[in-house]
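Trainee: Could you walk me through this model with a few questions and answers? I would like to reason from the coordinates to each answer.

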Amino acid sequence: VQLQASGGGLVQAGGSLRLSCAASGMTFSRYAMYWYRQAPGNQREFVAEITMGGGTNYADSVKGRFTISRDFAVNTVYLQMNKLKPEDTAVYYCKATYYKSSGGSIDYWGQGTQVTVSS
């Protein structure tokens, strides 16, 4: 399994970015997909989730500003980030989770992509 994240960069506060995470080596439709982020000195934190069925969940800090989506045709998950704030500055990671029918799960992580929001 490989997850290739891209789309990070430097943006001014109030601006927008769209992150992409291209998946390969897996049956994309069988995985829940996530975005996490990690700011310097902080633990990695949950940002957004999209389930196999398309249901979504968001961290309170990004609700109403970020939108997660997935395109099964190109095996890619996206994170549209609007109204960016300096506190959104972090390395953003995508994760794929396979939930076993017998219980338990398997996680795969992509490399991070840096998002920097200037004030």
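Trainee: Which residue meets Arg 37 in a salt bridge of 2.7 Å, N to O?
Mentor: Keep in mind that this is a predicted model. A salt bridge here needs a side-chain nitrogen of Lys or Arg within 4 Å of a carboxyl oxygen of Asp or Glu. The side chain of Arg 37 meets such an oxygen at 2.7 Å, and its partner is Glu 45.

Trainee: Is Arg 37 buried or exposed?
Mentor: Buried means under 20% relative accessible area. Arg 37 has a relative accessible area of 5%, so the residue is classed as buried.

Trainee: And how does Glu 45 count in terms of exposure?
Mentor: The limits to compare with are under 20% for buried and over 50% for exposed. Glu 45 has a relative accessible area of 37%, which lies in between, so the class is partly exposed.

Trainee: Arg 37 also forms a salt bridge with Asp 88, so to speak of the chain itself, how many residues apart are the two?
Mentor: The closest N and O atoms of Asp 88 and Arg 37 are 2.9 Å apart. Asp 88 sits in the loop between β8 (76-81) and β9, while Arg 37 belongs to strand β4 (residues 32-38). The pair thus links distant parts of the chain, and the separation is 51 residues.

Trainee: What is the relative accessibility of Asp 88?
Mentor: Asp 88 counts as buried, so its value has to fall under 20%. The computed figure is 0%.

Trainee: Which parts of the chain does the salt bridge of Asp 88 and Arg 65 tie together?
Mentor: In this pair the closest N and O atoms are 2.7 Å apart. The two residues are 23 apart in sequence, so the salt bridge ties together separate parts. Asp 88 lies in the loop between β8 and β9, and Arg 65 in the loop between β6 (56-58) and β7.

Trainee: Which residues are joined into one network by salt bridges that share partners?
Mentor: Start from Asp 88, which forms salt bridges with Arg 37 and with Arg 65. Arg 37 in turn meets Glu 45. Through these shared partners the network consists of Arg 37, Glu 45, Arg 65 and Asp 88.

Trainee: Let us turn to the disulfide. Which strands hold Cys 21 and Cys 94?
Mentor: The structure holds one disulfide, and the sulfur atoms of Cys 21 and Cys 94 are 2.1 Å apart. The link ties together parts that are 73 residues apart in sequence, because Cys 21 lies in strand β3 and Cys 94 in strand β9.

Trainee: What is the handedness of the link between Cys 21 and Cys 94?
Mentor: Cys 21 is buried at 0% relative accessible area, and Cys 94 is likewise buried at 0%. The angle about the S-S bond is 55°, and the link is right-handed.

Trainee: What is the order of the strands in the open sheet of four?
Mentor: Begin with the edge strands, β1 (2-6) and β7 (66-71), each of which pairs on one side only. Five bridges join β1 to β3 (residues 17-24), and these two run antiparallel. With antiparallel pairing in the sheet, the order is β1-β3-β8-β7.

Trainee: Which residue of the β9 and β10 hairpin takes a positive phi near 105°?
Mentor: Strand β9 (residues 90-99) and strand β10 (residues 105-109) run antiparallel and are joined by five bridges. Tyr 98 stands opposite Ile 106 in β10. Five residues lie between the strands, and the one with the positive phi is Gly 103.

Trainee: Which residues touch the most other members of the largest nonpolar core?
Mentor: This core has 30 residues, and β1, β3, β4, β5 (45-50), β7, β8, β9 and β11 (113-118) each supply at least two of them. Leu 79 touches residues including Leu 17, Trp 35, Val 47, Phe 66 and Tyr 92. The members with the most core contacts are Met 33, Trp 35, Leu 79, Met 81 and Tyr 92.

Trainee: One last point: how far apart in space are Gly 54 and Gln 12?
Mentor: Gly 54 has its place in the loop between β5 and β6 and counts as partly exposed at 38% relative accessibility. Gly 54 and Gln 12 are 42 residues apart in sequence, and their C-alpha to C-alpha distance is 30 Å.

Methods
Residues are numbered from 1 along each chain as its sequence is written. This is a predicted model: local features need pLDDT of at least 70, side-chain atom pairs count only at pLDDT 80 or more; totals for chains, interfaces and linings use all residues. Side-chain values use heavy atoms; hydrogens and water are left out. Two strands pair if DSSP finds at least two bridges between them. Buried means under 20% relative accessible area, exposed over 50%, partly exposed in between (1.4 Å probe, protein chains only). A disulfide is a pair of cysteine sulfur atoms within 2.5 Å. A nonpolar core is a set of buried Ala, Val, Leu, Ile, Met, Phe, Trp, Tyr and Cys residues joined through side-chain atoms within 4.5 Å. Contact means heavy atoms within 4.5 Å. Lists of a residue's contacts leave out its neighbours within four places in sequence.
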